[in-house]
Amino acid sequence: MSSPVVSGLWLYPLKSARGIKQHSVTTCHRGFAGDRDWMIVDDRGRFVSQRTCPAMAMLSAIPVSSGLQLDYPGKGGVHVPFPLQPPDAEVQVWEDHVRAVDAGQTAADWLSRTFDRPMRLVWLPLHAERRVDPKYAGPTPRSVAFADGYPVLLVNVASLDDLNGRLPRPITMERFRPNIAVSGWPAFEEDRIRRLRCAALELELVKPCTRCSIPSLDPLTGASDLDPTPVLKTFRYDRILRGVTFGVNALVTAGKDSVIEVGQPVEVLD
């Protein structure tokens, strides 16, 4: 088997919008710089995702120097500048309540028209704090933006190959919305790894990723498609976490403000 390397990198500027495949990414204390700094909320301030709005799979969110560019097929687009005011909106991500910055009425109106429901866009500045669950992160405080719970999601290419060998037809890596894909490990080797290094970046793998309904959606359209969950349940059900797992959630423990690239070697530390 070949030596393990980074084989894919993805950034998700807006939570649950379409991901962007990258050749390189810059890291920060809360994962990949620019990853899920923006989020859509409903009229109660609760996050909206493809779980309840599958059409978000077609929403493109591109970071630009002045903010974010949103586009949707047939609906045009809108430029959203970075909001300048202090955090002025309390929003909810699962059980976490977070002070974020509302991105303004123009973005809210465009999103509400596009998805035919009340929506607002919010932004989490880099200095804002949302803590990772210490049950898995340990006593050292760790930060995350608007990702479900952890800064980085890692998936092993061989694990996807193993899963695809059990499905009636293969599905793509994009179904699982990883930040980083590694090739060169045996299938599900990630279950046994605690720490790894890539260039200056060090990651601690802290929790298997339990899976919701999003992997059952076509990542380009949001349409219902082949659902891998029933097959995963036959060999990847975690009784403690009460769900099927695929991929591993990780924390940045060293190397923030570094750059990692596709093709770089991955060294297992523990």
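**Cysteines, a helix and two pockets**

Good morning. Let me begin with Cys 53, which counts as buried because its relative accessibility is 3%. I should state early that the model before you is predicted.

I turn first to the cysteines. How many disulfides does the structure hold? The structure holds 0. To recall the chemistry, a disulfide is a covalent bond that joins the sulfur atoms of two cysteines. Why does Cys 28 have no such bond? The closest cysteine sulfur, in Cys 198, lies 16 Å from the sulfur of Cys 28, which is too far for a bond; the cut-off is 2.5 Å. Cys 53 is in no disulfide either, since the nearest cysteine sulfur, in Cys 212, is 14 Å away. Is Cys 28 buried or exposed? With a relative accessibility of 5%, Cys 28 counts as buried.

My second topic is helix 1, which spans residues 105–115. Its buried residues are Ala 107, Ala 108, Trp 110, Leu 111, Thr 114 and Phe 115. Because these residues cover an arc of only 165° around the axis, they lie on the same side of helix 1. A general rule is useful here: an α-helix has 3.6 residues a turn, so residues three or four places apart point the same way. Which residues are exposed on the other side of helix 1? They are Thr 106 and Arg 113.

Against what do the buried residues of helix 1 pack? Their partners are strand 5 (38–41), strand 7 (67–72), strand 8 (76–81) and strand 11 (120–123). After helix 1 comes Asp 116, with a positive phi near 55°.

I come finally to the pockets. The largest pocket has a volume of about 850 Å³. It is lined by 34 residues, of which Arg 51, Trp 94, Asp 148, Gly 149 and Thr 210 are the closest to its centre. Helix 2 (134–137) and strand 15 (201–210) each supply at least two residues of this lining, and strand 15 gives the largest share, 3 residues. Sorted by class, the lining has 14 nonpolar, 14 charged and 6 polar residues.

For the second largest pocket, the volume is about 210 Å³. Among the 13 residues that line the second largest pocket, Arg 18, Gly 19, Glu 174, Arg 177 and Pro 219 are the closest to its centre. Here the lining divides into 6 nonpolar, 5 charged and 2 polar residues.

Thank you for your attention.

Key: Residues numbered from 1 in each chain as written. Predicted model: local features only at pLDDT ≥ 70, side-chain atom pairs only at ≥ 80, totals over all residues. Heavy atoms only, no water. Buried < 20%, exposed > 50% of the residue type's maximum accessible area, 1.4 Å probe, protein only. Helix = DSSP H or I, 4+ residues; strand = E, 2+ residues; numbered from the N terminus. Arc of directions from axis to C-beta. Contact = heavy atoms within 4.5 Å. 1 Å grid on protein atoms, 1.4 Å probe; cavity = no way out; pocket = protein on both sides within 12 Å on 5 of 7 lines; lining within 4 Å. Points joined across faces, edges and corners; volume = space filled by probe spheres on them. Nonpolar A, V, L, I, M, F, W, Y, C, P; charged D, E, K, R; others polar.
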